[in-house]
Amino acid sequence: MMGPSLSAADAERIGRVTRAVPDDRMDAEVAAVVQRFQESSAPIVQLARRAIVGGQDLPYEEAVRHAEDVYLNQLLATQDVEEGLRAVAEKRKPVWKDR
């Protein structure tokens with residue numbers, strides 16, 4: 001990574017970062033992201049992290065199998081998956097049980 005450095009705006013424009021934020025808005029943006037995680041189902045967030053982190057050092061095919069295993073054998077067994085699907089179908093916010 002010895003190429004020229006990028007400005008935050010250029011990094012955002014070419015997709016190297018999701019969003020560039022001015023320094024004076026950083027705390028508010030971080031708080032908003034944290035809030036979104038806090039409003040989510042804890043087991044779903046943990047399992048998503050397990051699927052991602054557990055496969056990041058694996059060859060692609062093994063990483064996909066790992067993610068499928070987490071999804072099919074762990075995530076789908078949670079009550080919150082049912083609640084999330086029901087909430088989408090009913091066009092309402094989910095009420096997480098964290099189970």
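Student: With which side chain does the side chain of Ser 41 make a polar contact?

Tutor: The partner is the side chain of Asp 80, at 2.5 Å. Keep in mind that this is a predicted model.

Student: Where does Ser 41 lie?

Tutor: Ser 41 sits in the loop between helix 2 and helix 3, the latter spanning 42-55.

Student: Is Ser 41 buried or exposed?

Tutor: Under 20% relative accessible area counts as buried. Ser 41 has 1%, so it is buried.

Student: Which residues does Ser 41 touch, not counting residues up to four places away in sequence?

Tutor: Asp 80, Trp 96 and Asp 98. Asp 80 is thus both a contact and the polar partner of the Ser 41 side chain. Look also at Gly 84. Ser 41 and Gly 84 are 43 residues apart in sequence, and their C-alpha atoms are 9.1 Å apart in space.

Student: You listed Asp 98 among the contacts of Ser 41. What phi does Asp 98 have?

Tutor: Phi is positive there, about 55°, although Asp 98 is not a glycine. Asp 98 belongs to the segment after helix 5. Its relative accessible area is 43%, so Asp 98 is partly exposed.

Student: Which phi does Lys 91 have?

Tutor: Lys 91 has a positive phi of about 55°, and it is not a glycine either. Lys 91 is placed in the segment after helix 5, which covers 79-89.

Student: Is Lys 91 buried or exposed?

Tutor: Exposed is over 50%. Lys 91 is at 76%, so it counts as exposed.

Student: On to charges. How many salt bridges does the structure hold?

Tutor: There are 7. To read a pair, check the N to O distance against a 4 Å cut-off. Then ask where the two residues lie and how accessible each one is.

Student: With which residue does Glu 83 form a salt bridge?

Tutor: With Arg 92. Their closest N and O atoms are 2.7 Å apart. Glu 83 is in helix 5. At 5% relative accessibility, Glu 83 is buried. Arg 92 is partly exposed, at 32%.

Student: Which residues does Glu 83 touch, not counting residues up to four places away in sequence?

Tutor: A run from the other side of the helix end: Arg 92, Lys 93, Pro 94, Val 95 and Trp 96. Val 95 deserves a second look. A polar atom of the Glu 83 side chain lies 2.8 Å from the backbone nitrogen of Val 95.

Student: Which side chain meets Arg 92 in a salt bridge at 2.6 Å?

Tutor: That of Glu 90, N to O. Glu 90 is partly exposed, with 47% relative accessibility.

Student: Which residues are linked in a network of salt bridges?

Tutor: Glu 82, Glu 83, Arg 86, Glu 90 and Arg 92. The Glu 83 pair with Arg 92 and the Arg 92 pair with Glu 90 can be followed within that group.

Student: Which side chains meet in a salt bridge at 3.3 Å?

Tutor: Those of Glu 29 and Arg 19, again N to O. Glu 29 is in helix 2, and Arg 19 is in the loop between helix 1 (8-13) and helix 2, so the pair ties together parts that are 10 residues apart in sequence. Glu 29 is buried at 18%. Arg 19 is partly exposed at 45%.

Student: Now nonpolar side chains. Where do they tend to be in soluble globular proteins?

Tutor: They tend to be buried together. Here the largest nonpolar core has 5 residues: Leu 47, Ala 51, Val 70, Leu 75 and Val 81.

Student: Which residues does Val 81 touch, not counting residues up to four places away in sequence?

Tutor: Ile 44, Leu 75 and Leu 76. Of these contacts, Leu 75 is listed in the core.

Student: Which residues form a nonpolar patch on the surface?

Tutor: Met 26, Val 30 and Val 34. Together they have about 230 Å² of accessible area. Val 34 is in helix 2, residues 26-38. With 39% relative accessibility, Val 34 counts as partly exposed.

Technical notes: Residues numbered from 1 in each chain as written. Predicted model: local features only at pLDDT ≥ 70, side-chain atom pairs only at ≥ 80, totals over all residues. Heavy atoms only, no water. Patch = residues over 30% accessible without salt bridge, like charges linked within 9 Å, V, L, I, M, F, W, Y side chains within 5 Å. Areas by Shrake-Rupley, 256 points an atom, 1.4 Å probe, with all protein chains shown as cover. Helix = DSSP H or I, 4+ residues; strand = E, 2+ residues; numbered from the N terminus. Buried < 20%, exposed > 50% of the residue type's maximum accessible area, 1.4 Å probe, protein only. Polar contact = N/O pair within 3.5 Å; in protein donor to acceptor, adjacent residues only side chain to side chain. Contact = heavy atoms within 4.5 Å. Core = buried A, V, L, I, M, F, W, Y, C linked by side-chain atoms within 4.5 Å.
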